[in-house]
Amino acid sequence: MDSQLFQSKILQLSMDSGALKETFEAGNLPVVAAKLQATLQALENVKLDIGVTGRTGSGKSTFVNAIRGLGDEDPNSAGTGVVEMTVEPTPYPHPKYRNVNIWDLPGIDTPAFQADEYLQRVLADRYDFFVIITSDRFTAGHGQLARGLLQRGKAFHLVRSKVDVDVLASSRRRPTTFSEARVLSQIREDCWQRLKAEGLNSPKIFLLSMFELAKYDFCLLEESMVEGVESHKQHALVVALPSVCKAILEKKEASLRKHVWLVATVACGINPSPVPGVQDVACDLDRLTHALEGYHHSFGLDEDSLVKLAEQMGQPLHRFLEAIQGPRATVTRELVADLLGQASRDASMFTQELLNVPILGALATCGISFATVYQMLRMSLDAAAEDAHTLIKTFQNTSEHRLSENSNQ
């Protein structure tokens, strides 16, 4: 492997955590790994609660499903309909990240709506932030609710849903003068003016179609949600969000990369066992299997995600499988052992490079194991991220082809 590439990997490792030097000065690898295991478990299990509210029929239940990567007909989906389906706050755990709960909250339809009473009823303090949705216009009730949240110091995001319906209706009413950009601008301006009239200064509105998440403002909404949540919960939110745009994929990759050294240290320092067929490497294969499964789940490369994507696009599954260059099989101990074997070919040189970095010298004392595991995790993460970007391009190309066919009919 090229020496310059090694130096790049070493530099990345040395910057992976500001606490790296302090951590490894605390003791030998088993002692350090035991402490880091608690940190890793805390990162993976941190609780995140998102409250979704709005008027009946606004699409809040569909949003609860979409942000969890589900359709309205999925067995674990929130109930949807034109009448209010939610009587009490109802939590819907993310199917892959059970520590993330999306709450479908009762509608705010009553003529005598009082924000204080509503927020007390839904126990506002248990949510990290809110998403307030309307499918037509923001009303006094929405404004009152937003002001109530501001008074409590709770973050919220304002969503105007079903804009695809408005765009389609406008194109049919004015086929010769239709402009999608103008329709979206008019919707945004109307929302802005109505919320400003309710006392909200410079409100930020996100225009969405629940059935075409990658279109309109969903990617901007994802970024806003991540930036607004507490720093120690950002990782939990980032990995759980739908992988529908380049920006969120880059955030996932960056967040997961920060923890590679942590996973590698725990895997080598807690319950290590010799890896079959890989000389001089001992680690916890179950921990590494869990990590690679996490990469696949977060980037939407697991079988369930790919099947849902194919169904959503009306395309055969093999079209998306062919776009993937990395391992297509279910992550198993055998697959991880094979990947470790591939990584071990260059690990000895990597171990020597570690010795040249003072704060990383402690890692080299565990021999070739850490170098091999770290290499394998970085290679697997890079491959998963690349495949996810390829899937997005395939998704976008298929969507554009379908739109072109529909416009020619």
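Reader: Is Leu123 buried, partly exposed or exposed?
Author: Leu123 counts as partly exposed, because its relative accessibility is 47%. Keep in mind that this is a predicted model.

Reader: Where is Leu123 found?
Author: Leu123 is in a loop. The loop runs between helix 5 (115–121) and strand 4 (129–134).

Reader: What about the phi of Leu123?
Author: The phi of Leu123 is positive, about 55°, although Leu123 is not a glycine. Most residues other than glycine have a negative phi.

Reader: What is the phi of Asp280?
Author: Asp280 has a positive phi too, about 65°, and is not a glycine. Asp280 sits in the loop between strand 7 (273–274) and strand 8 (282–283).

Reader: Asp280: buried or exposed?
Author: Exposed. The relative accessible area of Asp280 is 59%. The cut-off for exposed is over 50%, so Asp280 passes.

Reader: Switching to the whole chain. How many helices and strands are there?
Author: The protein chain has 19 helices and eight strands. Of its 409 residues, 50% count as buried.

Reader: What share of the contacts comes from residues 24 or more positions apart?
Author: That share is 70%, taken among contacts with a separation of 6 or more.

Reader: Now the core. How many residues are in the largest nonpolar core?
Author: The largest nonpolar core has 84 residues. Phe63, Leu288, Leu340 and Leu377 have the most contacts inside it. Helix 19 (residues 368–407) gives the largest share of this core, eleven residues.

Reader: Any second core? Which residues does it include?
Author: A second, separate core has 29 residues. Phe130, Leu184, Leu195 and Leu207 are included in it. As background, nonpolar side chains tend to be buried together in soluble globular proteins.

Reader: Back to Leu340. Which residues does Leu340 touch?
Author: Leaving out residues up to four places away in sequence, Leu340 touches Val275, Val278, Cys283, Leu285, Leu288, Thr372, Val373 and Met376.

Reader: Leu285 and Leu288 are in helix 13, right? What angle do helix 13 and helix 16 pack at?
Author: Yes, both are in helix 13. Helix 13 (residues 285–298) and helix 16 (residues 333–344) pack at about 95°, and their axes are 9 Å apart. That angle makes helix 13 roughly perpendicular to helix 16.

Reader: Which residues meet there?
Author: From helix 13, Leu285, Asp286, Leu288, Thr289 and Leu292 take part. From helix 16, Arg333, Val336, Ala337, Leu339 and Leu340 do. By class, this contact has seven nonpolar, one polar and two charged residues.

Reader: Next, helix 11. How far does helix 11 reach?
Author: Helix 11 (residues 246–257) has twelve residues and reaches 16 Å from its first C-alpha to its last. That is close to the 16 Å expected at 1.5 Å a residue.

Reader: Which residues of helix 11 are buried?
Author: Ile248, Leu249, Lys252, Glu253, Ser255, Leu256 and Arg257 are.

Reader: Two asparagines to finish. Asn101: buried or exposed?
Author: Buried, with a relative accessible area of 11%. Asn101 is in strand 3 (residues 100–104). Beyond residues up to four places away in sequence, Asn101 touches Lys47, Leu48, Asp49, Ile50, Pro91, Tyr92 and Pro93.

Reader: And Asn65, buried or exposed?
Author: Asn65 is buried, at 0% relative accessible area. Asn65 lies in helix 4 (residues 60–66).

Reader: How far apart are Asn65 and Ser77 in space?
Author: They are 5.7 Å apart, C-alpha to C-alpha. In sequence, Asn65 and Ser77 are twelve residues apart.

Conventions: Residues numbered from 1 in each chain as written. Predicted model: local features only at pLDDT ≥ 70, side-chain atom pairs only at ≥ 80, totals over all residues. Heavy atoms only, no water. Axes fitted to C-alpha atoms, helices over the stretch in contact; angles between N-to-C directions. Helix = DSSP H or I, 4+ residues; strand = E, 2+ residues; numbered from the N terminus. Parallel < 35°, antiparallel > 145°, perpendicular 65-115°, else oblique. Contact = heavy atoms within 4.5 Å. Nonpolar A, V, L, I, M, F, W, Y, C, P; charged D, E, K, R; others polar. Core = buried A, V, L, I, M, F, W, Y, C linked by side-chain atoms within 4.5 Å. Buried < 20%, exposed > 50% of the residue type's maximum accessible area, 1.4 Å probe, protein only. Expected span 1.5 Å × (residues − 1).
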